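Keep the structure open beside this text. The walk goes from salt bridges to the chain interface, then to single residues.

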Amino acid sequence: MPKVSLKVNGRAVSRDVEGRTLLVELLRDGLGLTGTHVGCDTSQCGACVVHVDGVALKSCTVFASDIDGAEVRTIEGMANPDGSLGVIQAAFQDNHGLQCGFCTPGMVMSAAALLTENPNPSEAEIRAYLEGNICRCTGYHNIVKSIQAAAAQMSARPVAAE
Amino acid sequence: MPKDSGIGAPTKRREDVRFLTGKGRYTDDLNRPGQAYVHFLRSDVAHGRITKLDTSAAEGMPGVLKVFTAADFAAVGGVPCGWLVTDRFGQPMKEPKHPVLAEGKVRHVGDPVAAVVAETLAQARDAAEAIELDIEELPAVVDMRLALDTESALVHDDAGTNLCFDWGFIEDNAAAVDAAIKAAPHVVTLDLVNNRLVPNAMEPRAALGEYDAADDQHTLYTTSQNPHVIRLLMGAFVLGIPEQRLRVVAPDVGGGFGSKIYHYAEEAFVTFAAKALGRPVKWTCTRSEAFISDAHGRDHVTKIELALDNDGRFLALRTDTLANMGAYLSTFAPCIPTYLHGTLMAGNYATPLIYVRVRAVFTNTVAVDAYRGAGRPEATYQIERVIDKAARELGIDPVEIRRRNFIKPDQFPYQTPVAVLYDTGNYHDLMDVMERISDRAGFPARRKESEARGKLRGFGVAAYIEACGIAPSSLVGALGARAGLYESATVRVNPTGGVSVFTGSHSHGQGHETTFAQVVSDMLGIDAAQVDIVHGDTARVPFGMGTYGSRSLAVGGSAIVKSVEKIVAKAKKIAAHLMEASPTDIEFKDGRFSVAGTDKSVAWTDVTLAAYVPHKYPIEELEPGLEETSFYDPANFTYPAGAYACEVEVDPETGKVDVLAFAAADDFGNVVNPTIVEGQVHGGLAQGIGQALLEACAYDETGQIRSGSYMDYAMPRADDLPSYKVDNSCVTPCTHNPLGVKGCGEAGAIGSPPTFVNAVLDALNSGGHEVAHIDMPLSPSRVWAAINGGNA
């Protein structure tokens, strides 16, 4: 069995995996990071989106053994260092951007990737970007609103000194 | 009382923090020591006889603990149906057995034939491929219209027919309705299909069974909207487990929309196998598996006739529906096309004569049961589509024809000719709000602007009524329910004043942990943060019926209110004793008890502590402790209503429809948390627009599902939908529950499909295309075909 070493949410981890083990399986079953969800088996729903080396990926579509050495960030790594909700997470709570919560981790990870690429997206740009994240509860209205609110807050925030 | 957290406050949801940080606990997130995994081998044909099932090779595969087949379940019952419908002739419906694993025959693609339990899921899947299964294919029964031919193959041989029941409502009115239709100056007729949908909660179903031999205790963790219902159905009727030995836990559940009400075979399997193997057994459904094993929704084929006088007033309405049951009767399946559909056929209108006929049909497809709205969207769709057609045929404005026929505000309470009694409503006001928030007056200018770009713009309206808060037990019992439909709540006040509320309702996205706490904190005048809501565990909450039919606040909330009232009454007696006053002189406000007309008072926590440390206590009259349980059985359904408007733009070159705007004016009675209510409407609208624009669960003539994954089943995505305008300012409180609430969970899904279809037809007709109807979903190919005379 190949050995995979990753940095997950800042912590170095190493596991033996089968060749067919998916990243999402390693995260959920191997590392107990059950915040990343599996909502489909055709890479459509986006509940499993995580960041791999800063890029948003569907972790159900990545073999764990293919990303040896990568840095992975999951929903569990999105809060502020003091444990309080990060800007995007807080915006989802403030704007009722979630209901059952199952698609939410993927939505937050996709939203974070969007706002990195495009800090001030229009409603149409947000809706187009979320093409790969399905939500059955909210009708997307408040998800869009949450992301707009997060964008506004992030652009208003003074840039921290490097 | 803190104003920012009581009734009516748009309080932020407390459950969000765990969901937003990855700390939610859904069933598949749970793992038990020594856990094994099951993979089901499912039929890949719709109908056939099992001629060979050899599991010996699979049994020898690595990691396999056991391969189960129907033979292992010979001593246990079938999966039961919870509702008995009696037909027009007084005969009970056909109720064939639904085995846990297929016995002799397979009846739909996805019917489980064998179950492999192994150390790992991968081993279970690998071993399933080594099972030798031969099925002699039989002709598949797919089209309901053909299923009733005498020549048709039979889904259930011993039933002797594919007709589950032939139901008439109200049978005694049939002749009068027929006479009225024959005598009417105008009769508008419409044939329509309410398309089959897959509910598609984002969390696939999962079940984890565990058995403790030391004290003969079973535990089932499952994705359920109603854990006590599962305990009753599975414990008593399938596995014969006494209820005190069976705990059912539904932890965080990722959406339900009806599909997680029912008792499913997989739950019974893991519970049974955990004892048989002495190991916890876990099953997690894949999405592909969900498409062929979750109960589907809708799937009606209907002819509706509306008789009108020369002024466009409704004289009589008759509807004849074929309702697909699928291969087996799911838990509430027979109730959906009958009592949740027929009773709603009056809609918002004072139609004097109504008759509903429904024939329920077995087919070789997945079982069909309640999906968000459950019968009420099917009723509303027919009514609101045929009214729109009548408006066009009679040359009456679609808003005007509805207003002309609405039940008037002074007619409430209003007895419909289809059994139900509407307590309150104001449909004219809802129409006013809808016209305002949709800027109907500005539509002609917007249409011109679209036309200038070569597009057709349409404005569609619809009204809806629904019956929620399901319902008085005595009534549903008379109608065939094999369950009561009350709700329970225990309110436990702890010595230092904090409160635990144990509710029989279940939250799977609705935010009960927040809204129920708002109600209790408002009534007690304490901070909502001091109130915890517990749900979803039969070992912790009193026997409850769960969450569906927009019932949680109206029924479950009422049970909480009753318990809190008992708490306050007892607390006043304790306070009176502490202050040496008469209980009748005690006033309770903002978390303090005071003696009327004096400056004497004690705090909430003084009283709660005294209840548990009864040193100075009226012990001869009052037991210590501060905990009350209530079961609330409502006197009637509740009747939310609304008026909706949809604006679309159609590209006549391609048939593509864009939803430009959607306005929803709803009357939900009193509202506890407006933000959550708006969110419920948004989600309902998305599912209704999804049904009307995108979604279809399609089978081919051999019974193969053609839309069995998200590659083929068109789930609404963010860029398919608009932002919504939602207004809840029209309030006619429910008269028979203590909060005056009506329920908001299903409204959007009920009102939006006809609104959308009416808008598209308005657009097409504005362009000179005389199209009377298009069946959902209004895909570009269907719209283009309608524009081009039916030649796709």
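**Charge pairs, interface and buried sites**

Over all chains, the salt bridges come to 63. The model is predicted, and side-chain atom pairs count only at pLDDT 80 or more. Side chains of opposite charge can pair when their charged atoms come close.

Start inside chain B. The side chains of B:Lys66 and B:Asp72 meet in a salt bridge, with N and O 3.2 Å apart. B:Asp72 has a relative accessible area of 27%, so this residue is partly exposed. B:Lys66 is partly exposed too, at 25%.

Now move to helix α10 of chain B, residues 398-405. Here B:Glu400 forms a salt bridge with B:Arg404. The closest N and O atoms are 2.9 Å apart. How far apart are B:Glu400 and B:Arg404 along the helix? About one helical turn separates them, because they are 4 residues apart in α10. B:Glu400 is partly exposed, at a relative accessible area of 32%. B:Arg404 counts as partly exposed as well, at 26%.

A further pair is B:Glu449 and B:Arg453. Their side chains meet in a salt bridge at 2.8 Å, N to O. B:Glu449 is partly exposed at 40% relative accessibility. B:Arg453 is also partly exposed, with a relative accessible area of 43%. This pair does not stand alone: salt bridges with shared partners join B:Asp439, B:Arg446, B:Glu449, B:Arg453, B:Arg457, B:Glu647 and B:Glu649 into one network.

Next comes the interface. On the chain A side, 43 residues are in contact with 51 residues of chain B. The area buried between the two chains is about 4100 Å². Carbon and sulfur atoms give 54% of that area. How many salt bridges are there between chain A and chain B? The count is 5. In one salt bridge, A:Arg136 pairs with B:Glu695. Their closest N and O atoms are 2.8 Å apart. Polar contacts can be counted here as well: 30 residue pairs between chain A and chain B are in polar contact, with both residues at pLDDT 80 or more.

Which elements of chain A give two or more residues to the side that touches chain B? They are α2 (87-94), α3 (104-117), α4 (123-129) and α5 (141-156). Of these, α2(A) gives the most, with 4 residues. By class, this side of chain A has 17 nonpolar, 17 polar and 9 charged residues.

Look at α3(A) on its own. The helix has 14 residues and reaches 20 Å from its first C-alpha to its last. That is close to the 20 Å expected at 1.5 Å a residue. Is α3(A) largely enclosed or largely open? It is largely enclosed by the rest of the structure, because 12 of its 14 residues are buried. The buried residues include A:Thr104, A:Pro105 and A:Gly106 at one part of the list, and A:Ala111, A:Ala112 and A:Ala113 further along. A:Met107, A:Met109, A:Leu114 and A:Leu115 are also among them.

Three buried residues of chain B remain. Take B:Arg231 in helix α6, residues 227-239. A relative accessible area of 13% makes this arginine buried, since the cut-off is under 20%. Beyond four places in sequence, B:Arg231 is in contact with B:Ala236, B:Glu243, B:Leu246, B:Val248, B:Thr538 and B:Phe543.

B:Ser558 sits in helix α15, residues 552-578. At 0% relative accessibility, this serine counts as buried. What does the side chain of B:Ser558 reach? The backbone oxygen of B:Ala554, at 2.5 Å. Leaving aside neighbours within four places in sequence, B:Ser558 is in contact with B:Leu553, B:Tyr632, B:Asn737 and B:Pro738.

Finish with B:Val188 in strand β8, residues 186-194. Is B:Val188 buried or exposed? Buried, with a relative accessible area of 1%. Outside its neighbours within four places in sequence, B:Val188 is in contact with B:Ile304, B:Glu305, B:Leu306, B:Leu308, B:Val386, B:Lys389, B:Ala390 and B:Glu393. Its C-alpha lies 21 Å from that of B:Gly789, and the two residues are 601 residues apart in sequence.

Conventions. Residues numbered from 1 in each chain as written. Chains lettered and ligands numbered in written order. Predicted model: local features only at pLDDT ≥ 70, side-chain atom pairs only at ≥ 80, totals over all residues. Heavy atoms only, no water. Contact = heavy atoms within 4.5 Å. Buried area = accessible area lost by both parts, 1.4 Å probe. Salt bridge = Lys/Arg side-chain N within 4 Å of Asp/Glu carboxyl O. Polar contact = N/O pair within 3.5 Å; in protein donor to acceptor, adjacent residues only side chain to side chain. Nonpolar A, V, L, I, M, F, W, Y, C, P; charged D, E, K, R; others polar. Buried < 20%, exposed > 50% of the residue type's maximum accessible area, 1.4 Å probe, protein only. Expected span 1.5 Å × (residues − 1).
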